[in-house]
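User: Hi! I've got a structure open and would love to talk it through with you. Could you help me get my bearings?

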Amino acid sequence: GQIILRLFSFVQPPITCLFPRSTLYNTFRSCRNPHSFDVDNIRFLGTYGKNINDLDKYSEAKSNLDFFERTLKWSHLAPTAPNTLSCYPFTDCDLFMIATCPHVFFIGSQDKYDNRSVKEQYPCINIII
């Protein structure tokens, strides 16, 4: 849902103070937003959804999955940053560029669950959620 702790910026550092008991376990992993990781040679890439919600404010699509697919097509997670999506304006590089195509592309904090296979358009991706 939309009721989650958010910092001002789209890029969020790991917040471990919210999980004082969990951080005692070596299996606890706090990660940044957006986040990319590999499990058994399967690459995952995801965000908490603020980038998609921001696109929805300034352009039109039939569903949020269309915006999601556009970020993949553009190879950019946050095309509206830093203009309308708060983040630090980097001058030397763009941290939101999708350099390596993920196998699974996911997004959180949306109104409803939905998914779409885009394997025909993007052979490296099996599914977007």
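Analyst: Happy to! One term before we start: helices here are DSSP runs of H or I with at least four residues, numbered from the N terminus. Also keep in mind that this is a predicted model.

User: Good to know. What comes right after helix 2, and what is its phi like?

Analyst: Serine 75 follows helix 2, and its phi is positive, near 55°.

User: And which residues of helix 2 are buried?

Analyst: Those are Leu65, Asp66, Phe67, Phe68, Glu69, Thr71 and Leu72.

User: Let's pick threonine 71. Why does it count as buried?

Analyst: Threonine 71 counts as buried because its relative accessibility is 1%, and the cut-off for buried is under 20%.

User: Which residues does threonine 71 touch, leaving out those up to four places away in sequence?

Analyst: With that exclusion, threonine 71 touches Ile52, Leu55, His76, Leu77, Pro79, Ile98 and Phe105.

User: Now the largest nonpolar core. How many residues does it have, and which have the most contacts inside it?

Analyst: It has 17 residues, and the ones with the most contacts inside it are Ile52, Phe68, Leu77, Ala81, Phe96 and Phe105. Two or more residues each come from helix 1 (50-58), helix 2 (64-74) and strand 3 (104-107). Helix 2 gives the most, with four residues.

User: Is there a general tendency behind that?

Analyst: In soluble globular proteins, nonpolar side chains tend to be buried together.

User: Switching to strands: do strand 1 and strand 2 run parallel or antiparallel?

Analyst: Antiparallel: strand 1 (residues 35-39) and strand 2 (residues 42-47) are joined by five bridges. One pairing to look at is phenylalanine 37 with its bridge partner in strand 2, phenylalanine 44. The two strands form a hairpin with two residues between them, and aspartate 40 in the turn has a positive phi of about 50°.

User: How many bridges join strand 2 to strand 3?

Analyst: Four, and these two strands run parallel. Glycine 46 stands opposite phenylalanine 106 in strand 3.

User: Last topic, pockets. How much space lies in the second largest one?

Analyst: About 270 Å³. Its lining has 11 residues, and the closest to its centre are Asn64, Gln110, Lys112, Tyr113 and Asp114.

User: Which element gives the most to that lining?

Analyst: Helix 2 again, with three residues. By type, the lining of the second largest pocket divides into five nonpolar, three polar and three charged residues.

Terms used: Residues numbered from 1 in each chain as written. Predicted model: local features only at pLDDT ≥ 70, side-chain atom pairs only at ≥ 80, totals over all residues. Heavy atoms only, no water. Core = buried A, V, L, I, M, F, W, Y, C linked by side-chain atoms within 4.5 Å. Buried < 20%, exposed > 50% of the residue type's maximum accessible area, 1.4 Å probe, protein only. Contact = heavy atoms within 4.5 Å. Pairing = 2+ DSSP bridges. 1 Å grid on protein atoms, 1.4 Å probe; cavity = no way out; pocket = protein on both sides within 12 Å on 5 of 7 lines; lining within 4 Å. Points joined across faces, edges and corners; volume = space filled by probe spheres on them. Nonpolar A, V, L, I, M, F, W, Y, C, P; charged D, E, K, R; others polar.
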